[in-house]
Amino acid sequence: MTIAQTSTDTLTRSKSTDSEDRHFVTALARGLEVLASFNGGDSALGNQEIARLCGLPKSTVSRLTATLARLGYLRLDESTGKYHLGVATLALGAGMLAKLDVRQIAKPGMQQLATACGGLVALGARDRFSMLYLEACRSQVALTLNLQMGSHVPIAVTAIGRAYLVEAGPAEQREIIERASELDISSGQAIARGLEQAKEDYAKLGCTCCFGDWNPDVHSIAVGLRLGGSQPLMALNFGGPAFRMSREYLLNEVRPRLLDLASQIKEQTGAPV
């Protein structure tokens with residue numbers, strides 16, 4: 001699911017619920033959607049591109065980007081007429097990451113697992129219909145995987161997304177599927193199928209699997225990470241090139257280590273194991 005789709009979903013929600021929820025500020029939501037449009041990997045976007053991604057009139061976007069630039073959340077490159085994320089946006093993200101103590105706790109074990117098994121180990125949390133990588137550790141073998149801290153991957157067809165789905169409560173599961181279905185029935189169906197697959201994998205293996213479902217060249221497994229307290233629900237993922245990471249290798253060699261790492265992180269953060 002693309003940023004444009006999630007943006008449209010949020011705006012649709014604001015229109016349909018505004019009469020019922022007087023606390024929802026549509027103008028603020030639109031400004032945040034403009035910032036979210038930069039999550040697709042583009043470092044510079046013009047008003048026309050942002051308007052297309054957000055499903056908003058260009059005139060509305062022009063006012064929003066001008067306001068955000070004045071406040072420091074966007075920076076205008078006058079030579080190209082395109083915007084970049086500003087320092088104020090970075091400060092918001094840095095503040096959030098600083099409070100995620102689990103990153104510092106998890107990183108040594110993540111790097112050890114990545115090096116020992118020759119893959120990429122990622123810690124992620126939900127960002128609408130995607131999983132956002134909060135931390136990533138890789139071995140030299142996994143350098144071909146262009147994923148790093150800040151990367152987004154789909155929630156429905158990746159191991160890390162499915163691990164999150166199976167750990168989320170029924171209310172959140174329904175919310176994700178219903179919101180996706182309102183936008184695109186096939187997207188909602190894909191997430192529902194991903195959830196069912198996740199439940200089956202968890203019951204049999206204690207982890208979720210993705211053997212080419214998202215990218216035919218990538219195989220991965222993942223486990224949910226519920227730490228409680230102020231920490232968001234997260235998931236821990238191990239992946240690598242499909243030609244190096246067979247199903248058997250991931251399930252027989254990597255899976256026990258990944259489950260052990262999740263247990264270690266829980267113990268070190270005081271969460272129930």
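## Glu196

Glu196 counts as partly exposed because its relative accessibility is 42% (buried means under 20% relative accessible area, exposed over 50%, and partly exposed in between, with a 1.4 Å probe and protein chains only). Glu196 is part of helix 9. Between Glu196 and Leu165 there are 9.4 Å in space, C-alpha to C-alpha, and the two are 31 residues apart in sequence.

## Basis of the model

This is a predicted model, in which local features need pLDDT of at least 70 and side-chain atom pairs count only at pLDDT 80 or more, while totals for chains, interfaces and linings use all residues. Residues are numbered from 1 along each chain as its sequence is written, and side-chain values use heavy atoms, with hydrogens and water left out.

## The chain as a whole

The protein chain contains 10 helices and 8 strands; helices (H or I, at least four residues) and strands (E, at least two) are DSSP runs numbered from the N terminus. Of its 273 residues, 45% count as buried. Its accessible surface is about 13,500 Å², and carbon and sulfur atoms account for 52% of that (Shrake-Rupley method with a 1.4 Å probe; for residues, only the protein chains shown count as cover).

Taking contacts between residues at least 6 apart in sequence, 57% join residues at least 24 apart. Contact means heavy atoms within 4.5 Å.

## Helices 8 and 9

Helix 8 covers residues 170-183 and helix 9 residues 185-205; their axes come within 5 Å and cross at roughly 150°. Axes are lines fitted to C-alpha atoms, for helices over the stretch in contact, and angles run from 0 to 180 degrees between N-to-C directions. Helix 8 is therefore roughly antiparallel to helix 9 (under 35 degrees counts as roughly parallel, over 145 as roughly antiparallel, 65 to 115 as roughly perpendicular, and the rest as oblique).

The residues that meet include Ile176 and Ala180 in helix 8, and Ile191 and Leu195 in helix 9. By class, this contact of helix 8 with helix 9 has 8 nonpolar, 4 polar and 1 charged residues. Ala, Val, Leu, Ile, Met, Phe, Trp, Tyr, Cys and Pro count as nonpolar, Asp, Glu, Lys and Arg as charged, and the others, Gly among them, as polar.

## Cysteines

Cys117 has 6% relative accessibility and so counts as buried. Cys137, at 2%, also counts as buried. The whole structure has 0 disulfides, a disulfide being a pair of cysteine sulfur atoms within 2.5 Å.
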